[in-house]
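Hi everyone, thanks for making time for this one. I'd like to walk you through a single protein and how its pieces pack together, so have a look at the screen.

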Amino acid sequence: MSSASDTPVLESRTGSHPAGRRLRRPVIYPVGYGLWLARDPALYGELFADHRYVSTVVNTVAFVGLGVNLMMFAAILLSGLFMRREWWVRTLLAVYLLCWAMPAIPSFISFHWMLIGEQGLVDSLLRELFGVEGPIWFNERWLAVGCNIVAYIWKWIPFWTVVFIAGRMAIPQEIYEAAAIDGATGARRFLHVVFPLLANIYFVCTLLATLWTVGDFNTVYLVSMGAPARSSEVLATLGFHYAFDAALPSLGIAAVMSALPLLVPLALILMRRLQAGEVQL
């Protein structure tokens, strides 16, 4: 015979307990409210009629495509360097991880001021070391987009390098020894042994980084600040300006939600790979 005290436990397991409903509500409500605000098809017609939106989509594709792929390729290469056992490599790894450990806001603000004007650190170094005058970094659209990409890679590449180091450590030592006997050393070992074994991890990490980067706000907002004349913005910052500067929250959310046709397939592919267990070496 069940007691009255068993009822809350049974209800919470089945999801009918009021506390369970209260926990789900804060998760579902913001997403549902955002979809409800961006439900009007006329919003998307208004977006496409705005030339800033079209150029922002191009910026977002460049920022995500170049940023993620360059970062992942460099991270998997650097993971090989940090697998070495010399003491200076471990010291360098500790310093390298500081880029990721530092808070994003002061890091990106520092990047901004390093590139501002003749007194900026980058232009000062170019002048002192090479005797050349540096460009005005935020006075040209693609230079500003490039600065955003470099800052983004600098911030997040240590994280993905550590992921690939963990993947390399999971490869049995016997495989390396067999490859050395067959003459696969250096670049050949990477191409024919390491990369094929890490290909699934590399693919999943690239998908995950793409999902994160599409919604990245801090990098562009704090590094280039959309300069010049908001021509280097991405969808996340454009949506912010629509919602707060122009007081058009529905249009702002619609600008961000317009990335869903890309994000939903990527999320489904990622979930299928994870559920299938294909992330294993």
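**Helices and their neighbours**

Let's start with helix α12, residues 235–245, where Leu235, Ala236, Thr237, Leu238, Gly239, His241 and Tyr242 are buried. Please keep in mind that what you see is a predicted model. Which helices do the buried residues of α12 pack against? They pack against α3 (41–49), α4, α11 (218–222) and α13 (249–257). After α12 comes Ala247, and if you like backbone angles, its phi is positive, near 55 degrees.

Let me zoom out for a moment. The protein has 14 helices and zero strands, so if you read the elements from the N terminus on, you just get α again and again. Of the 281 residues, 35% are buried. And if you take the contacts between residues at least 6 apart in sequence, 72% of them join residues at least 24 apart.

Now to a pair of helices. We've just met α4 as a neighbour of α12; α4 covers residues 51–81, and it packs with α10, residues 187–214, at an angle of about 145 degrees. The axes of α4 and α10 are 10 Å apart, and the crossing of α4 past α10 is right-handed. What does each helix bring to this contact? From α4 we have Phe63, Val64, Val68, Asn69, Met71, Met72, Phe73, Ile76 and Leu77. On the α10 side they meet Phe190, Phe195, Leu198, Tyr202, Cys205, Thr206, Ala209, Thr210, Thr213 and Val214. Sort the residues of that contact by type and you find 15 nonpolar, four polar and no charged.

Helix α10 has another partner that I'd like to show you: the buried residues of α14 pack against α10. Helix α14 runs over residues 260–275, so to speak our last stop. With 16 residues, α14 reaches 22 Å from its first C-alpha to its last, close to the 22 Å expected at 1.5 Å a residue. Its buried residues are Leu263, Leu266, Leu270 and Arg273. Why do we say that these line one face of the helix? Because, seen down the axis of α14, the buried residues fall within an arc of 95 degrees. The general background is that an α-helix has 3.6 residues a turn, so residues three or four places apart point the same way. Turned away from that buried side, α14 carries the exposed residues Pro261, Leu268, Arg272 and Gln275.

That's my tour; over to you for questions.

Definitions and conventions. Residues are numbered from 1 along each chain as its sequence is written. This is a predicted model: local features need pLDDT of at least 70, side-chain atom pairs count only at pLDDT 80 or more; totals for chains, interfaces and linings use all residues. Side-chain values use heavy atoms; hydrogens and water are left out. Axes are lines fitted to C-alpha atoms, for helices over the stretch in contact, and angles run from 0 to 180 degrees between N-to-C directions. Helices (H or I, at least four residues) and strands (E, at least two) are DSSP runs, numbered from the N terminus. A crossing is left-handed if the near helix is turned anticlockwise from the far one by less than a right angle, and right-handed if clockwise. Contact means heavy atoms within 4.5 Å. Ala, Val, Leu, Ile, Met, Phe, Trp, Tyr, Cys and Pro count as nonpolar, Asp, Glu, Lys and Arg as charged, and the others, Gly among them, as polar. The expected span of a helix is 1.5 Å times one less than its number of residues. Buried means under 20% relative accessible area, exposed over 50%, partly exposed in between (1.4 Å probe, protein chains only). The arc is that of the directions from the helix axis to the C-beta atoms.
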